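Let's take a walk through this one together. Pull up the coordinates and follow along.

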Amino acid sequence: MKILLQPKWLFIVNFIPAIILFVIAITQYQIIESLLPEQSKTLWLKLGIALAGINFVQLIYLVICWIKKWHASIIYSVITLISITAFLYAYLYYNSELIPSSIPGWMLTSDVIFYPGTFLMPTLIYSLITIVVASMPQKRKVNPWINLLYSLIFPITGYLFFQIILPLWRLPDGGFGYHVIVVLFTAITILFLFFLLRTIIAFLRHRTKFKGYITLWYILIAFILPTTGLLINNGNYVGGFIFGNFSHPYFYIITFLNSALLCLPKTKNENIRLARLMGLSFFFPYVLYFLLVFLPFLPLSIIAIIVLGIGFLMLSPLLLFILEVRELYKEYCFFYSKIAKAKLIILMAGAFMTIPTLITISNLKDKSTLNNALSYIYDNSIDKYDKVDIISLEKTLKTIKNYKKRNSSFSDNNVPLLSAYYNWLVLDNMILSDEKIKTIERIFFGYEETEPLKAEINTTTAKIASADVSSTFNQQLNLWESTIHFKIKNGDSPALGSYETTFELPTGCWISDYYLYVGKRKERGILAERKSALWIFKQIQNENRDPGIVNYINGNKLAFKVFPFNKGEVRKTGITFIHQGKKTIEIDGKEIVLGQTASPKQETIRKTKNALYLPSSEKTKLTLVQRKPEYHFFLDFSKGKDKFLSSYVERIQRYIENHNINTQDLHIHYTKGNDNKIANIDDWKNNLKSQPFEGGFFLEGAIKKTLTENYYQNKKSYPVLIVVTNKIDNAIFLKGLSDLQFTYPENNSFYELSADGKIWEHSLLTSPIKRTIALATIPSKFPVYSWPNPVSAKAYLPNDSSSSIIIIDKKVCIEHFKQKSFEAALSMQASWQLVNVSQNFGNSEHLELIKQSMKYQILSPVTSFIVVENEAQKKMLQHKQRQILNGNKNLDTDEDTQSMSEPNLWLLIAIIVSILTLKSYYSRKKTATKAI
């Protein structure tokens, strides 16, 4: 008993969980505060003061006990039990007012409504155990059978009360009757647990008296109850798992082995006892895990006994925990004088940490495997392919898909706590979307595309009514600031409408501001991380509220959305651009001129350390040159395509002979998941025969690598990209290569050499899979501008009338610019281009781009301008942004579908629903009585 009341245990069990709960509550309150009515704010304050007061008094008392070397008194446990029970009762009673139904669910931390029960239940159970131990006399034996009988009286009494007495009992009107029933239920639950715990402890204290059948009790508590519970949970009675997915064989194996150790006959052999102690220490995290999982459900156990008769299964983790702790303590005391204390503790701690360590190592391996695969696909990290363990990747994806799979409305495949730990450690509290899972499987395992990619459907019902431009020249920054003021009108559709469009920015033009009228209030856009802004936009849009957003899609193409519109409603919004001379933007078929009084000739060369802006008037002064073509053949070496190898060779050989291609200008890539393999040209036919066909046809990665290498080497030749496959639909493109357009100034095409000998042209910018036109031969005459001159060319520019941005230094350059200046935007654009051709576009580079965009308040491909309606939405945006920036940029915020609650929490919901229903019943009854 005394060891239970040591201050260190009280601090761990009582104080720390309450502090964690307090911090979570403050964080949640700060987000939703502006949406709460005054009555709710007052309740938050009162309950917050109550919880803080309980924590403060506990801390003072525990510090005094620590200094004085006292053990906490039993009075402390009684007061703690009463105070925490009262707090939880008040929380449940006022829950609907603390978090009104008007608060959007997406603003709430996942399952936050259940956190008070989760974090305070250990304190309640701990207090109850200490009270039970203190209530048992040391010199007089306690009859366990009598206590077992007492414990059974309460569920029986509860059953009779709810079935017979309650329907006939006429309670006073108003809230009094509600309080009476809840207090009775709470008292019955506490007394039931009290006498049940006395029963177990009485058996354990005097096990010699009951040695004839004590082993049977051990078998019942350690093996029969847990195994039966696992079988019922995994029995698919609700279309899946009740409390979570415990179907893995390890759960059954550990249950059996742990019960075998507990039931091991007493022996004097010290080696066997030491092995037993290590085994019990090894399995103790398993016992502790199930205790933590089921602690929040202990109040439901008596309901389950009354209604279903199987509530004792919910109590088995608590009973097993008591049994396990007692046996561990006995073995520890046995070896205390035989083995040095420090050595004994190290041995037990090592055994205890084995399972958690193995789980952590497995999770970290999954994290490394997944991050390498994502980095290879999305960060140009070609070197990461060989670091991807294909077997481990397959296991990782299976785990992620299992956790995402929902069997029914009441069940899914999550493993409580462990799935949350996995999500935190492996996925940075984000998700891997179904689309990315399919992409990984196609690239690394060669899976076929099961569903064609769905084209984006424009659901806009509103149109631009007018677009007025105001342009002013900023003398200080030496640039034009032009704002397009839109009036957008909805059609006659009775449903809420929206406005969605895309447009392209001309080179040397950037967005520096955005606004949207929310009612009569002009709300300025917030520049935020792109992914978090899109997530917030979708959540607000689902509520039919007032978001507006502008963000890059690909290359210089942007998306512009405003929502919602009532029937015939006109809304005002505007976008501000910075530029030099006159620029023209086409939006919804309307040509809008920025800088009406400006002239393109007024544009001048602008320069930073890493980039140079060359206006079209200066570019046309350069010399046109003709670079030599280099022919790159990309062969489809994906899984199952080995039967086409002879056809590939024949097509290539025929094309080489017909066009007299020199072997020095020839490159043959066998393209699959790992796209960085080039055949030996001297013996390319035999070389191809020795290569395995595996993975998917990751054509985008192969082309990107070829273009970036050519760009970095600044060759006087350019790549002609020719694809050899029997089915171009197998080629994997993620989004096209618009962001790399500066690396292929000659033209925007690649070519397909089909089985019938035809040459098909494809676009590198949009819809790469789609054939555009059949050609007799591939053109090779594409003159380009050479900068600064043909002899010492450092860049090649397209032969068109547009301005160009040239990267001067292909290393990262740190400079400081004025906010919203042309030089800041130019430097940002160059940085974005550099990371797109780098060999590793990682999290640090991504974060730096976001910092630059926010620092200079200029929209970039990694940020978005978004208008939200209220302060709560702004705080939630900041919260989501912090979460995303601390995670892997290649992971996702959510799927298209809304997430659902954990299945086992439906059982907790039953408590709250029951209480609220009872409360509502008495409120209606009181109202009806007054009306009469």
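The lining of the second largest cavity is made up of 11 nonpolar, 3 polar and 2 charged residues. Keep in mind that you're looking at a predicted model. The space those residues enclose has a volume of about 110 Å³. If you want to find its centre, look for Y718, P719, V720, N747 and S749, which are the closest to it among the 16 lining residues.

So much for the middle; now for the walls. Two strands, strand 19 (717-724) and strand 20 (749-753), each give at least two residues to this lining. Strand 19 has the largest share, with 4 residues. And this isn't a lone void: searching the whole structure turns up 8 cavities of 30 Å³ or more.

Now swing over to a pair of helices. Two packed helices are described by the angle between their axes and the distance between the axes. Here, helix 13 (residues 341-378) packs with helix 15 (residues 418-427) at an angle of about 40°, and their axes are 9 Å apart. An angle over 35 degrees but under 65 falls in the oblique class, so helix 13 and helix 15 are oblique to each other. The handedness of their crossing is right-handed.

Who's doing the touching? On the helix 13 side, the contact involves I359, T360, N363, L364, D366, K367 and L370, while helix 15 brings L418, Y421, Y422, L425, V426 and L427. Sorted by class, this contact between helix 13 and helix 15 comes to 9 nonpolar, 2 polar and 2 charged residues.

Methods: Residues are numbered from 1 along each chain as its sequence is written. This is a predicted model: local features need pLDDT of at least 70, side-chain atom pairs count only at pLDDT 80 or more; totals for chains, interfaces and linings use all residues. Side-chain values use heavy atoms; hydrogens and water are left out. On a 1 Å grid over the protein atoms alone, a cavity is a set of points where a 1.4 Å probe fits but cannot get out, and a pocket is an open set with protein on both sides within 12 Å along at least five of seven lines; lining residues have an atom within 4 Å of a point. Grid points are joined across faces, edges and corners, and a volume is the space filled by probe spheres set on the points. Ala, Val, Leu, Ile, Met, Phe, Trp, Tyr, Cys and Pro count as nonpolar, Asp, Glu, Lys and Arg as charged, and the others, Gly among them, as polar. Axes are lines fitted to C-alpha atoms, for helices over the stretch in contact, and angles run from 0 to 180 degrees between N-to-C directions. Angles under 35 degrees count as roughly parallel, over 145 as roughly antiparallel, 65 to 115 as roughly perpendicular and the rest as oblique. A crossing is left-handed if the near helix is turned anticlockwise from the far one by less than a right angle, and right-handed if clockwise. Contact means heavy atoms within 4.5 Å.
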